[in-house]
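Let's take a walk through this one together, piece by piece. Have a look at the fold first, and then we'll go through some of its parts.

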Amino acid sequence: MGDVTTVTETVGARGRRPELAAFLRSRRARVTPADVGMPPGLRRRTPGLRREEVAQLSGVGVTWYTWLEQGRPINASPQVLDAVARTLRLDEAEREHLYQLAEVAYVPPRGPATDCVGSEIQGILDALDPHPAVVYNARYDVLATNPAYLDLFDTPAIRSVGVYNTLWALFTLDETECPVVFRDTELPMMVAQLRQAYGSHVGESAWEDFVRDLSTASPYFAELWRSGNVVTPGPRVKTFRHRKVGEIRMTSVSLSINGMPECRIVTYTPADEESRSRTAALGAHRSRTGRERPRTTRNPAP
């Protein structure tokens, strides 16, 4: 049963409570007794379920549910909100909305992971050319790229790695061959992002095997992993070295992808005029040679 203890309200909470009340009433009104296996009964005036029926079907007290629907400042647990959501036949978007209005942390259900990049996403990557762009999953597997991304990381050392994963490439390369200039700053940040994502995958064989194998292959990765640092992805300015044009400073930005949980598009834009000129030079070289590289690669880069 829900906790009827009152809580101190913030300004934002006071604004959400009326919205929560209206939302619950509207969802209750659209569910009929027949929808939940109940007889319609006589002299029913309520368009949909009654409050006491929602409370009964959800396994909560009538008073508690009434207070919730009235927008009173009461605490609600995720378990109780889930029960109410099932009774009111809420879809996933509505369930998330209910959690937000009730000020309860929302954890989306884990669905099957997809690493398939469709033509729409690939079209976005291609449209960003001459700016490098890539699709990563949470483990830094490279799922798709545009030609400009491959221009930026076209080095023999990267090509020699022969794996799809960025972290594996960076941590198993010799330090002198790493395309990331400030390696001791950038690689810890990437491992901290990986650690943050790992929290949702503890115990999964693919993740556990990856962490164990990379820790064996790279003592530096193992050291960073043991630190336990976590951070979420965000815009950063990174400096890369290229064997043809020299150092290029790029601003990286991560964009989430609907329908691909934990995957993101990462775009790189030149951070200054010199870097812009050098990026253009890489694209011009590709045009002169007439080489159109494949859109996905076994040679990942950050």
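Which strands does helix 10 lie across? Keep in mind that this is a predicted model. Helix 10, covering residues 183–198, lies across strand 3 and strand 5, and it runs at about 125 degrees to strand 3.

Now for the sheet those strands belong to. It's an open sheet of five strands in the order 2-1-5-4-3, with antiparallel pairing. At the edges you'll find strand 2 (142–145) and strand 3 (236–242), each pairing on one side only. From one strand to the next, the twist averages 30 degrees. Strands of a sheet pair through backbone hydrogen bonds, either parallel or antiparallel. Here, strand 1 (residues 133–136) and strand 5 (residues 264–270) go the antiparallel way, over four bridges. In that pairing, Ala-133 stands opposite Thr-267 of strand 5. Helix 6 (residues 119–128) packs on the sheet too, touching strand 1, strand 2 and strand 5; its direction makes about 150 degrees with that of strand 1.

Next, a pair of helices. The axes of helix 11 (residues 205–217) and helix 12 (residues 219–227) come within 5 Å and cross at roughly 125 degrees, so the two are oblique to each other. Helix 11 brings Val-211, Leu-214, Ser-215 and Ala-217 to the contact, while helix 12 brings Pro-219, Phe-221, Ala-222 and Trp-225. Seven of these residues are nonpolar, one is polar and none is charged.

Finally, drop in on helix 2 (residues 51–58), where Glu-53 lies. Glu-53 counts as buried because its relative accessibility is 7%. Leaving aside residues up to four places away in sequence, Glu-53 touches Met-38 and Arg-44.

Conventions
Residues numbered from 1 in each chain as written. Predicted model: local features only at pLDDT ≥ 70, side-chain atom pairs only at ≥ 80, totals over all residues. Heavy atoms only, no water. Axes fitted to C-alpha atoms, helices over the stretch in contact; angles between N-to-C directions. Parallel < 35°, antiparallel > 145°, perpendicular 65-115°, else oblique. Contact = heavy atoms within 4.5 Å. Nonpolar A, V, L, I, M, F, W, Y, C, P; charged D, E, K, R; others polar. Buried < 20%, exposed > 50% of the residue type's maximum accessible area, 1.4 Å probe, protein only. Pairing = 2+ DSSP bridges.
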